[in-house]
Amino acid sequence: MKKLALIFVCIFFLNGCSVKLAYNFLDFIVKWRIGQYVSLEGKQDDYLDHAMNEFHRWHRHTQLPLYADYIESVLPTLRSKENITGEWIHAETDKVQELLDISLNTFLPIAVNLVHTFSHEQTQQVLENLSEKREKFADEYVDISEKKQYKQRKHDLTDHIGRFFGRFTDEQKALLDDWAKAIRPFEIQSLEQQVIWAQRVSDAMAVRDDKVQLRARLGNIVLYRTDDWDPKLQATLDYNQDITYVLLANLVNSQTDKQRQRMLSKLEDYSEDLRQLAAKAH
């Protein structure tokens with residue numbers, strides 16, 4: 001089964017935040033994200049508060065130790081200075097996705113119970129907000145020049161991984177330039193796929209009175225895969241994913257001693273923070 005590519009180990013951490021600070025605001029962040037699509041009524045808001053408290057407690061107790069274990073499992077390889085390959089990063093990315101899927105599966109019943117209570121007006125609000133977000137995506141990624149698309153792709157990647165490197169060397173900047181130029185355009189096709197995804201959301205909303213059907217349809221939305229995407233888009237994404245994994249491997253292999261120590265220190269700090277957060281669950 002093909003999966004949407006995560007960039008690297010760092011993707012499951014919130015950009016620019018300390019792990020402890022970000023994680024302690026998990027409930028708020030989830031509610032804020034939901035609020036970007038729909039306004040909840042009193043009982044719905046109360047339910048989500050209670051459900052997120054339970055989810056947060058479960059996640060802190062059971063999942064954070066797994067994340068810390070995972071980070072510690074890759075540290076020996078990263079410390080060894082052995083050549084990292086794109087295949088290795090691909091395999092590690094899949095492991096991270098499997099960890100995230102556990103949480104998505106656990107969150108799914110909360111989504112089902114919440115959507116089950118949506119009014120017609122709320123379902124329309126969700127669909128309208130999805131449409132607005134597609135328009136924003138088109139403005140930022142599609143309706144721009146090729147030069148701006150190139151800069152945007154490069155910016156998005158370096159924004160994710162920059163904290164692990166600090167200042168890039170000239171060699172690394174050249175690798176990033178070559179990668180950004182080699183990426184096959186995917187933005188228009190991605191926008192078309194977003195329309196299909198929004199229709200699936202609409203279809204799920206249409207059966208919200210039947211929890212069995214609703215769960216099945218929301219499951220296909222929450223645990224989103226690219227298996228049935230347009231073959232041309234899938235081929236493009238597969239190619240882009242492969243060259244991104246190779247780029248990341250080359251960047252790690254080209255690290256200076258200072259950069260490598262920076263990366264290892266951050267990962268070690270993440271692991272320690274996760275274990276401290278998990279300990280507070282007891």
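How do the axes of helix α5 and helix α8 cross, and within what distance do they come? Here are some notes to read alongside the structure, which is a predicted model.

1. To take that opening question: the axes of helix α5 (residues 120–142) and helix α8 (residues 187–206) come within 10 Å, and they cross at roughly 175°. Angles over 145 degrees count as roughly antiparallel, so α5 and α8 are roughly antiparallel to each other.

2. If you would like to see who meets whom in that pair, start on the α5 side, where the contact is made by Thr-123, Val-126, Leu-127, Leu-130, Arg-134, Phe-137, Ala-138, Tyr-141 and Val-142. From α8 come Glu-187, Ile-188, Ser-190, Leu-191, Gln-194, Val-195, Trp-197, Ala-198, Val-201, Ser-202 and Met-205. Sorted by class, this contact of α5 with α8 has 14 nonpolar, 4 polar and 2 charged residues.

3. Tyr-141 is a good residue to click on next. This tyrosine lies in helix α5 and is one of the residues that α5 brings to the contact with α8. Leaving out residues up to four places away in sequence, Tyr-141 touches Gln-149, Gln-152, Asp-156 and Glu-187. With Asp-156 there is also a polar contact of 3.1 Å between the two side chains. From Tyr-141 to Leu-191, the C-alpha to C-alpha distance is 9.3 Å, although 50 residues separate them in sequence.

4. Now for the chain as a whole. It has 11 helices and 0 strands, and its pattern along the sequence reads α-α-α-α-α-α-α-α-α-α-α. Of the 282 residues in the protein chain, 42% are buried. Among contacts between residues at least 6 apart in sequence, 85% join residues at least 24 apart.

5. A second helix pair to look at is α3 (residues 42–80) with α11 (residues 257–279), whose axes are 8 Å apart and pack at an angle of about 160°. That angle makes α3 roughly antiparallel to α11. As for handedness, α3 passes α11 in a left-handed crossing.

6. The residues in this second contact make a long list. In α3 they are Arg-60, Leu-64, Pro-65, Tyr-67, Ala-68, Asp-69, Ile-71, Glu-72, Leu-75, Leu-78 and Arg-79. Their counterparts in α11 are Arg-260, Met-263, Leu-264, Leu-267, Glu-268, Tyr-270, Ser-271, Leu-274, Arg-275, Leu-277 and Ala-278. By class, the contact of α3 with α11 has 14 nonpolar, 1 polar and 7 charged residues.

7. Gly-162 is a residue in helix α6 (residues 146–165). Is this glycine buried or exposed? Its relative accessibility is 16%, so Gly-162 counts as buried, the cut-off being under 20%. Apart from residues up to four places away in sequence, Gly-162 touches Phe-168 and Arg-262. Gly-162 and Met-263 are 101 residues apart in sequence, yet 9.9 Å apart in space, C-alpha to C-alpha. Met-263 is also among the α11 residues that meet α3.

8. Last comes Thr-244, found in helix α10 (residues 231–253). With a relative accessible area of 9%, Thr-244 is buried. A polar atom of the Thr-244 side chain lies 2.6 Å from the backbone oxygen of Asn-240. Which residues does Thr-244 touch, not counting residues up to four places away in sequence? They are Trp-179 and Ile-183.

Terms used: Residues numbered from 1 in each chain as written. Predicted model: local features only at pLDDT ≥ 70, side-chain atom pairs only at ≥ 80, totals over all residues. Heavy atoms only, no water. Axes fitted to C-alpha atoms, helices over the stretch in contact; angles between N-to-C directions. Helix = DSSP H or I, 4+ residues; strand = E, 2+ residues; numbered from the N terminus. Parallel < 35°, antiparallel > 145°, perpendicular 65-115°, else oblique. Left-handed = near helix turned anticlockwise from the far one by under 90°. Contact = heavy atoms within 4.5 Å. Nonpolar A, V, L, I, M, F, W, Y, C, P; charged D, E, K, R; others polar. Polar contact = N/O pair within 3.5 Å; in protein donor to acceptor, adjacent residues only side chain to side chain. Buried < 20%, exposed > 50% of the residue type's maximum accessible area, 1.4 Å probe, protein only.
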